[in-house]
Amino acid sequence: RKKVTVPLLRAMHKRGDPITMITAHDFPSAHVADAAGMEVVLVGDSLAMVALGMEDTSEVLLEEMLLHCRSVARATKAAFTVGDLPMGSYEIAPTQALETAIRFVKEGRMQGVKLEGGKEMVPTIQKITAAGIPVLGHVGLTPQRQNALGGFRVQGKTSPGAMKILEDALAVQEAGCFAVVLEAVPAEVAAIITQKLSIPTIGIGAGNGCSGQVLVQVDMTGNFPPGRALARFVKQYGDVWAESFRAIETYRDEVKSRQYPAPEHTYPIKKEELDGFVE
Ligand code: KIV
Ligand code: NA
């Protein structure tokens with residue numbers, strides 16, 4: 001498979017080919033995403049919850065993100081890799097953001113970075129892109145600001161709200177983002193924003209009118225304990241938790257009943273080789 005680059009993503013967008021993106025948080029989750037043909041693999045800060053068991057994304061450390069990025073990078077051969085700048089690692093000043101973005105490239109081995117925010121992030125996006133690091137924008141619902149937004153809720157449900165998201169998306173485009181994530185935005189609003197932009201929009205909970213889609217891998221594969229409430233926009237394509245549970249439970253039962261290991265899982269030795277080993 002051909003290596004995915006920013007120019008390739010641009011060409012896909014130009015010909016109307018939907019861009020597929022998924023999160024990964026370690027070597028195996030990145031390996032399967034790459035093998036299944038994802039064009040972009042995102043090390044989202046959602047790994048705070050899905051891989052580290054934290055309550056929200058505000059807890060994850062830069063060093064933790066970098067560790068996971070490195071493992072994802074080792075498994076990602078064709079997909080374009082993007083790392084999420086965690087809260088606290090980029091908001092203080094454009095120079096802070098650039099330092100962090102450079103660490104994502106040098107230590108995390110990512111090809112691009114993602115950061116949340118609109119107009120107010122313009123100088124930061126300019127600073128990072130001027131250094132040659134591709135930036136993916138993220139507007140609409142921005143989970144790092146959940147305390148200010150009043151939780152995880154759909155954004156742009158009124159004309160002024162929709163206008164703010166459009167202005168933010170245009171601003172990050174002008175600042176140099178190669179694409180922008182639209183999260184939790186009504187489909188009609190996201191479709192109009194997509195038409196008004198010249199860069200691709202990557203939707204999550206933003207309907208079918210975006211230039212591409214992204215989902216959190218553990219959500220869409222069902223790799224989480226039963227009973228977890230999923231956001232409206234998640235389609236669960238698999239039941240990985242149930243399959244892992246079945247496998248581990250069967251292993252437990254077979255150890256308890258001494259069915260496992262069977263002779264075929266055992267290294268043979270010739271009887272005469274045991275001479276003198278025991279009296
Ligand atoms: O952290 C994440 O996984 C994300 C995607 C859902 C866009 O930001
Ligand atoms: Na994120």
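The shell around ligand 1 comprises five nonpolar, three polar and two charged residues by class. These positions are Thr23, Leu42, Gly44, Asp45, Ser46, Asp84, Val181, Ile204, Val214 and Val216. The structure is a predicted model, with a mean pLDDT of 97 over the chain and 100% of residues at 70 or more. The scores of the model are ipTM 0.99 and pTM 0.96.

**Overall fold**

The chain contains 11 helices and eight strands. The eight strands close into a barrel with parallel pairing, in the order S1-S2-S3-S4-S5-S6-S7-S8. From one strand to the next, the twist averages 25 degrees. Along the principal axes, the C-alpha atoms of the chain fill a box of roughly 85 × 40 × 40 Å. Of the 279 residues in the chain, 43% are buried.

Strand pairing is a matter of backbone hydrogen bonds, in either a parallel or an antiparallel sense. Four of the pairings in this barrel are listed below.

| Strand pair | Sense | Bridges |
|---|---|---|
| S2 (residues 40-43) and S3 (residues 80-84) | parallel | four bridges |
| S3 and S4 (residues 112-114) | parallel | three bridges |
| S6 (residues 179-183) and S7 | parallel | four bridges |
| S7 and S8 (residues 212-215) | parallel | two bridges |

**Strand S3 and its neighbours**

How far is S3 enclosed by the rest of the structure? Five of the five residues of S3 are buried, so this strand is largely enclosed. The burial applies to both faces: Phe80, Val82 and Asp84 lie on one side, Thr81 and Gly83 on the other. Asp84 also belongs to the surroundings of ligand 1.

On the S2 side, Val40 has Phe80 of S3 as its bridge partner. On the S4 side, Asp84 stands opposite Lys114. Asp84 is therefore a buried residue of S3 that is also listed around the ligand. The connection from S3 to S4 includes helix H5 (residues 94-106), and the three elements make a right-handed β-α-β unit.

**Strand S7 and its neighbours**

Strand S7 spans residues 201-204 and is covered on both faces. Thr201 and Gly203 are buried on one side, while Ile202 and Ile204 are buried on the other. The chain reaches S7 from S6 by way of helix H9 (residues 187-196), in a right-handed β-α-β crossover.

Which residue of S7 is the bridge partner of Val181? The partner is Ile202. Toward the next strand, Gly203 stands opposite Gln213 in S8. Val181 and Ile204 are both among the residues that surround ligand 1, as is Val214.

**Ligand surroundings in context**

The residues around ligand 1 include Leu42, whose number falls within S2 (residues 40-43). Asp84 comes from S3, where Asp84 shares a covered face with Phe80 and Val82. Ile204 comes from S7, on the face that also carries Ile202. Others in the ligand's surroundings are Thr23, Gly44, Asp45, Ser46 and Val216.

Methods
Residues are numbered from 1 along each chain as its sequence is written. Chains are lettered from A and ligands numbered from 1 in the order in which they are written. This is a predicted model: local features need pLDDT of at least 70, side-chain atom pairs count only at pLDDT 80 or more; totals for chains, interfaces and linings use all residues. A residue is near a molecule or strand if its C-beta atom, placed from the backbone, lies within 6 Å of it. Ala, Val, Leu, Ile, Met, Phe, Trp, Tyr, Cys and Pro count as nonpolar, Asp, Glu, Lys and Arg as charged, and the others, Gly among them, as polar. pLDDT is the predictor's confidence in each residue, from 0 to 100. A residue is buried if 20 or more other C-beta atoms lie within 10 Å of its own, exposed if 12 or fewer, and partly exposed in between; C-beta atoms are placed from the backbone. Two strands pair if DSSP finds at least two bridges between them. A crossover is right-handed if, with the strands pointing away from the viewer, the path from the first strand over the helix to the second runs clockwise. Axes are lines fitted to C-alpha atoms, for helices over the stretch in contact, and angles run from 0 to 180 degrees between N-to-C directions.
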